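Reader: I have a model open and want to learn how to read it. Take me through it one feature at a time.

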Amino acid sequence: MAQAEAFETDFWKHANLRKVWDDIIPGEPRKTIPYTLTREAIELYCKAVGEDHPIYFDEAYAKTTRYGGLIAPPSIHILLMFSCTPADDWMRSPGTVNAGQSWSYNIPARPNDVITLQARALDKFIKRERLFVVHDNVFFNQHGEVICSGRGWTIRPQ
């Protein structure tokens, strides 16, 4: 499967290609890209969020747990949300505000899993002059197993 070239840190790049409010169609799938989750990515994510449990770093320890090996922390979906979407995705628009989210975790992601994302807007509405989008996201591993799924609410930039 194709691997994303590199994570883009310029959030204004491709801004002119992103869908604006009128272009977001509830029910329409978002374009996504597969992402191979590496051990290094897990370690960098854990370091960034201050997670130091040995199940994410120490292979000998992780083999003694019920998981039988290294896993990623459940909150890895934060990294995956950006890694599985191209730079021109409407969710990456600068000025987007997270208005809430709810996640369910099924199985842990593991090093070398090839992660795919199915995502779409479910609804959009205007409340108090703010543009809201309700969206869902489901992450799968290479075996088609659901890692986690979530629903979010975002306030879109004007």
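Reader: Where is Glu129 found?

Author: Glu129 is found in the loop between S3 and S4. Strands here are DSSP runs of E, at least two residues, and helices are runs of H or I, at least four residues, both numbered from the N terminus. Arg128 is found in that loop as well, between S3 and S4. One caution: this is a predicted model, where local features need pLDDT of at least 70, side-chain atom pairs count only at pLDDT 80 or more, and totals for chains, interfaces and linings use all residues. Residues are numbered from 1 along each chain as its sequence is written, and side-chain values use heavy atoms, with hydrogens and water left out.

Reader: How should I read the backbone there?

Author: Start with the general rule. Most residues other than glycine have a negative phi. Now the case here. Phi of Arg128 is near 50°, a positive value. Phi of Glu129 is near 65°, also positive.

Reader: Is Glu129 buried or exposed?

Author: Use the relative accessible area: buried means under 20%, exposed over 50%, partly exposed in between, with a 1.4 Å probe and protein chains only. Glu129 is exposed, at 71%. Arg128 is exposed too, at 72%.

Reader: In what order do the strands form the sheet?

Author: Pairing comes first. Two strands pair if DSSP finds at least two bridges between them. Here five strands form an open sheet in the order S1-S3-S4-S5-S2, with antiparallel pairing. S1 (35-36) and S2 (97-105) stand at the edges with a single partner strand each, so one side of each is left without a neighbour in the sheet.

Reader: How many bridges join S2 and S5?

Author: Eight, in the antiparallel sense, with S5 covering residues 146-156. Val97 stands opposite Ile155 in S5.

Reader: Which residues have the most contacts inside the largest nonpolar core?

Author: The general idea: in soluble globular proteins, nonpolar side chains tend to be buried together. A nonpolar core is a set of buried Ala, Val, Leu, Ile, Met, Phe, Trp, Tyr and Cys residues joined through side-chain atoms within 4.5 Å. The largest one here has 24 residues, and Leu37, Ile76, Leu80, Ala109, Ile115 and Phe139 have the most contacts inside it. Helix H1 (39-49), helix H3 (77-83), strand S3 (114-127) and S5 each give two or more residues to this core. H1 gives the most, with four. A second, separate core has seven residues, among them Ile24, Met91, Ala121 and Val133.

Reader: What does Asn137 touch?

Author: Contact means heavy atoms within 4.5 Å. Leaving out residues up to four places away in sequence, the partners of Asn137 include Arg30, Met81, Trp103 and Cys148. Asn137 lies in strand S4 (residues 130-140). Asn137 is buried, at 1% relative accessibility. The side chains of Asn137 and Arg30 share a polar contact of 3.2 Å. That term means a pair of N or O atoms within 3.5 Å; within protein, one must be able to donate a hydrogen and the other to accept it, and residues adjacent in sequence count only if both atoms are side-chain atoms.

Reader: How many disulfides does the structure hold?

Author: Zero. A disulfide is a pair of cysteine sulfur atoms within 2.5 Å. The sulfur of Cys84 is 9.8 Å from the closest cysteine sulfur, in Cys148, so the gap is too far for a bond. For Cys46 the closest cysteine sulfur is also in Cys148, 15 Å away and too far for a bond.
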